[in-house]
Structure formats: C-alpha cells, structure tokens
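Visitor: I have a model open in front of me and would enjoy a guided look. Could you walk me through it?

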Amino acid sequence: MSHSDTATTLRPGESAASGRWPLRLWGALIVLCGALFLDALDTSMVGVALPSIRESLHLSTSSLQWVVSGYVLGYGGFLLLGGRAADLLGRRRVFLTALAVFAVASLLSGLVDDGSLLIATRFVKGISAAFTAPAGLSIITTTFAEGPDRNRALSIYTTCGAAGFSLGLVLSGLLTEAGWRWTLLVPAPVAALILVIGSKLIHRDQPVAKEQRGGYDVLGAVTSTGSVLLLVFGIVRAPQVGWLAPISIGTFVAAVALAAGFVVTELRVANPLVRLGVLRSPSLIRALIGGGLMFGAYASFQFVVTQYLQTLSGWSALRTALAFLPAGLIVLLASFKIADVLNKYGTARVGVAGFAALSLGYLQFLRIGQTPSWWVILPSIVLLGLGFGLAFPAINVQAASGIADEEQGLVSGLLNTALQVGITVVLAASTAIIAANGGGTAHSNAQVLASYRPVLVFVAVATVGGLLILAGGLLRSRRSPVESTLAEELEDELDVLTLREQDLMV
C-alpha cells in the first residue's frame with residue numbers, strides 16, 4: 001500500500017476519488033476554508049481600525065502595537081503544539097474546540113473597554129487560531145489522496161486563506177466606517193456558524209491510541225513554545241527598547257537556549273513533538289523559507305502603503321482599503337483554476353512564477369512619488385494578487401507532499417509557524433528601517449516618503465531572495481515535465497525510499 005492510498009475520508013464509505021466529490025465532502029471543505037479565511041482575516045483586518053481603537057481606548061503607540069502583535073504572538077508561539085495536538089488528540093476534536101474558543105474570544109474582544117483586556121483577548125484568539133489552522137489543513141491532507149485531488153483541495157483551501165489575508169484591509173475599512181468594534185465582533189457569529197456546520201460535516205477521526213503515543217513530549221512542547229514566544233516577543237519589542245538593550249539581548253539569548261534545549265530533547269525522547277527527520281526534505285525547507293519571506297514581505301508592504309496613503313494623501317480608511325481590493329479579487333478568481341495549473345506544471349514552476357510576479361509588483365511600486373498615482377499602484381496590486389494566487393497554494397502543496405498522514409499536523413504547524421515568524425521578523429525589520437531613516441521625526445511629505453522607500457527596497461529584495469530559493473529547487477529537478485508535475489516536490493529522497501520499501505513489504 002502506498003502513501004496516497006492511506007488517505008482517510010470524512011465519513012466511512014465516502015471517497016475523495018479523482019474527479020467527482022460527494023456533496024458532504026464539498027461541504028466539509030467549505031467549512032475548513034471558512035475557518036482559515038477567518039484566521040487570515042484576523043491577521044490583517046485590525047490594521048485599518050487601529051487609529052479608532054487608539055482614540056477610543058486611549059492607548060499609547062506601544063500599547064496599540066500589541067493589539068496586532070498579541071494575536072501574532074499567540075498564533076506563532078503555539079502552532080507547533082497545535083499541529084502535534086491535532087495528530088495525537090484527533091483533528092476534528094482539536095479543530096472544533098479551538099474554533100469555539102476563537103468565537104468566544106472574538107465576542108469578548110469587541111465588547112471590552114480596557115486596552116489590556118483587548119490585548120489579552122487578541123492573544124487568546126491567536127492561540128486558538130494556532131490550533132484550528134494546522135488541524136484544518138491536516139484534515140484536508142489526510143482526506144484527499146496525494147496528487148490531483150489533494151492539489152485541487154489544497155488550492156481551494158489556501159486561496160481562501162490568501163484571500164482572507166488580502167481582503168482583511170478591505171473588510172476592515174468597510175466595518176470601521178460603522179465602528180471599530182465591528183471589526184472584532186463580526187468574526188464571532190461567523191465562527192459560531194462554522195462550528196455548528198462543521199460538527200455535522202466533519203467525520204470523527206480516531207485519536208492516536210494511548211499505547212501508540214508513548215506519552216506526551218511535555219518538555220518538547222514547553223521548550224518549543226517558549227522559544228518561539230520569546231523570539232516573537234523580542235522581535236516585536238526590540239524596536240521600542242533598542243536591539244542592543246539588555247532586555248532584548250536577554251530575551252534572544254533565552255530563546256536560543258530554549259531552542260537548543262528543544263533540539264536536544266527531540267533527539268532523545270522516544271516520541272518527539274517534532275520528528276527532526278522531517279526537516280531533511282529540501283522541498284519542505286524551501287516551502288518554509290519561501291512562505292515566511294512571502295508573508296513577511298507582504299505584511300510590511302501593506303503596513304507601509306497604508307501609512308503612505310493615509311499620511312501623505314489623507315485617504316480615508318475605506319479608500320485605502322479599496323486600493324488593495326484588486327489583489328483579493330484576483331486571488332479568489334485564481335482559486336478556480338490553480339489546481340489545474342499545479343497539476344499541469346508542478347508546484348516548483350508555479351511557485352517560481354508566483355514569486356516572479358510578487359517581485360515585479362514590489363519593484364513596480366518603487367516608482368511611487370509624493371502624490372499617489374494609480375498608474376503605479378494598480379499594476380503593483382494586480383501583480384501582487386497574481387503572485388499570491390500562484391505562490392501560496394504551490395507552497396502549501398509542496399510542504400505537504402511526501403509526508404505521512406500521522407505527521408501532516410506537524411508539517412502544517414511548521415508551515416504556519418514559518419508564516420507568522422516571517423511576518424514578525426520582516427515587519428520588525430521594516431519598522432527598524434523606517435526609524436533609522438528618520439521616520440519618527442519626519443514632518444514633510446518628502447521626509448516621510450524617504451523613510452518608507454528603503455522598506456520598499458527591502459521588501460523587494462526579500463521577495464527576490466525567496467524567488468531564488470524556489471528557483472534553486474527547480475534547477476535541481478532533472479525530471480521530465482510530466483514527472484515533475486506529479487513528483488518534483490518530493491525532494492526528500494529518504495522519505496520516498498522509505499515509502500517504496502513499505503510498498504514492497506506489502
């Protein structure tokens with residue numbers, strides 16, 4: 001029996017056979033897409049509402065930053081634990097439980113009148129998303145057999161995530177016009193609806209038996225979560241207190257120490273939280289680095305462009321948000337054809353094409369002047385939407401390919417962790433670049449633009465770096481086009497040989 005034959009189904013007797021899927025299967029996929037859309041939406045939607053939140057709750061600039069960073073901290077810090085929990089405790093159970101917490105936290109975040117409580121609820125929402133995202137992705141990858149069916153399902157799923165991330169600003173602009181609390185309250189009933197429907201459509205999978213678990217890797221969970229939490233916390237706080245301040249250095253040293261302890265633990269325990277051998281896959285490593293650079297670059301671009309349009313041009317929140325609308329629409333439209341594109345050309349080629357479009361979009365925006373020009377903005381946004389629509393599904397399919405079912409949650413957690421850490425690292429670096437170029441003391445439009453332009457260059461360079469990484473994997477492949485379509489992402493020769501040996505034994 002090969003790995004592709006081990007895919008489970010959402011319901012006994014249902015099949016994700018190539019070509020035609022049962023309605024129940026489509027319904028479950030839509031539920032999972034809706035949850036990912038909410039997770040991605042919350043990453044970017046609060047941005048436009050920040051000025052209104054600051055005025056209403058009387059928050060300082062540093063406190064306001066934590067409204068965003070609190071969510072990212074919880075999300076990025078607990079993803080590995082969330083992914084492994086899905087593998088061990090049951091994907092459906094983890095998904096629905098975390099979704100319920102997400103709904104409650106969303107409701108509370110829109111009702112609180114204290115800045116500290118708002119940050120706390122955002123942190124809890126981030127933690128819950130850290131469990132729903134890998135659980136949902138692993139449900140898909142263990143339901144659909146590797147190949148055209150999984151490519152099709154993941155393409156639909158990931159484009160919904162990319163659309164949520166892209167449309168977050170647009171929806172935020174619309175909701176902020178009615179009141180900033182709506183940007184936080186709206187996800188609550190949507191999450192509740194998804195929870196009810198998901199409990200009906202997602203089949204109860206069996207958690208790993210206690211005798212097969214061999215105990216939980218508690219030390220691995222503590223060291224990995226602590227390391228990522230400290231890393232994200234240090235990066236977010238460093239621009240405020242100084243990168244060389246004792247507290248910053250101490251935080252980073254502690255993060256490295258915990259990371260080292262985590263590696264040692266995983267090499268010694270019988271049932272590690274993260275089987276380090278999975279990182280031998282070159283295709284997975286490229287997906288992790290490429291995904292982190294892609295999301296980090298876009299988050300920084302979105303941050304700078306939002307400030308640029310509102311500071312230099314006095315655009316309203318809604319008008320600023322609508323400037324990003326074409327990208328979100330292109331991502332949604334791409335979802336209808338991206339599976340066929342992946343099946344025909346393979347993840348490596350599609351990923352490279354996507355990063356090429358992203359790079360051109362960022363380079364195009366470097367032509368911007370003190371007065372916004374649609375001849376600069378619109379081509380950039382169109383290229384970014386095209387790039388996201390191609391690259392994001394390709395990276396997700398590439399990361400999941402060749403991975404055993406029992407480790408799909410782990411890989412999902414690794415990928416989502418890479419995305420969140422990428423956002424944190426690149427955005428923090430961009431903030432530092434703005435400060436180093438006089439952004440904090442800029443008064444004239446020329447000075448403000450001068451502080452932003454180096455960030456635009458940095459974002460373009462980071463994306464070109466991701467392009468080169470993915471292109472390197474494409475150059476390594478010596479397979480024919482047909483073979484590449486089905487297998488070029490399976491660069492981890494060790495895992496492929498293991499699967500073949502299992503087939504021969506059967």
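**A tour of the fold**

Guide: Gladly! Buried residues account for 55% of the 506 residues in the protein chain. Please keep in mind that this is a predicted model.

Visitor: How many helices and strands does the secondary structure of the protein chain come to?

Guide: Let's take the strands before the helices. The chain has 0 strands. Its helices number 21.

Visitor: Among contacts between residues at least 6 apart in sequence, what percentage join residues at least 24 apart?

Guide: The starting set here is the contacts in the protein chain between residues at least 6 apart in sequence. Those joining residues at least 24 apart make up 82%.

Visitor: Is Leu 32 buried or exposed?

Guide: Leu 32 sits in helix H1, which covers residues 23-44. Setting aside neighbours within four places in sequence, Leu 32 contacts Phe 95, Gly 136, Ile 139, Ile 140, Tyr 157 and Ile 202. One of these, Tyr 157, is 125 residues away in sequence, yet its C-alpha is 7.4 Å from that of Leu 32. The relative accessible area of Leu 32 is 3%, under the 20% cut-off, so Leu 32 is buried.

Visitor: Which helix gives the most to the largest nonpolar core?

Guide: That core has 65 residues, and Met 294, Phe 301, Tyr 362, Phe 365, Ile 368 and Phe 388 touch the most other members. Helices that each supply at least two of its residues include H6 (148-178), H12 (282-313), H16 (347-365) and H19 (445-476). With 14 residues, the one that gives the most is H12.

Visitor: Which residues does Phe 301 touch, not counting those up to four places away in sequence?

Guide: Phe 301 is among the core residues that touch the most other members. Beyond four places in sequence, its partners are Phe 324, Tyr 362, Phe 365, Ile 381, Leu 384, Leu 456 and Val 459.

Visitor: How is H14 oriented relative to H17?

Guide: Helix H14 (residues 325-334) packs against helix H17 (residues 374-400) with the axes 8 Å apart and at an angle of about 30°. Because this angle is under 35 degrees, H14 is, relative to H17, roughly parallel.

Visitor: And what is the handedness of the crossing of H14 and H17, and which residues make the contact?

Guide: H14 passes H17 in a right-handed crossing. From H14 come Pro 326, Ala 327, Ile 330, Val 331 and Ala 334. H17 contributes Leu 378, Ile 381, Val 382, Gly 385, Leu 386, Phe 388 and Gly 389.

Visitor: How many nonpolar, polar and charged residues does that contact of H14 with H17 have?

Guide: Charged residues are absent from this contact. The rest divide into 2 polar and 10 nonpolar.

Definitions and conventions: Residues are numbered from 1 along each chain as its sequence is written. This is a predicted model: local features need pLDDT of at least 70, side-chain atom pairs count only at pLDDT 80 or more; totals for chains, interfaces and linings use all residues. Side-chain values use heavy atoms; hydrogens and water are left out. Axes are lines fitted to C-alpha atoms, for helices over the stretch in contact, and angles run from 0 to 180 degrees between N-to-C directions. Helices (H or I, at least four residues) and strands (E, at least two) are DSSP runs, numbered from the N terminus. Angles under 35 degrees count as roughly parallel, over 145 as roughly antiparallel, 65 to 115 as roughly perpendicular and the rest as oblique. A crossing is left-handed if the near helix is turned anticlockwise from the far one by less than a right angle, and right-handed if clockwise. Contact means heavy atoms within 4.5 Å. Ala, Val, Leu, Ile, Met, Phe, Trp, Tyr, Cys and Pro count as nonpolar, Asp, Glu, Lys and Arg as charged, and the others, Gly among them, as polar. A nonpolar core is a set of buried Ala, Val, Leu, Ile, Met, Phe, Trp, Tyr and Cys residues joined through side-chain atoms within 4.5 Å. Buried means under 20% relative accessible area, exposed over 50%, partly exposed in between (1.4 Å probe, protein chains only).
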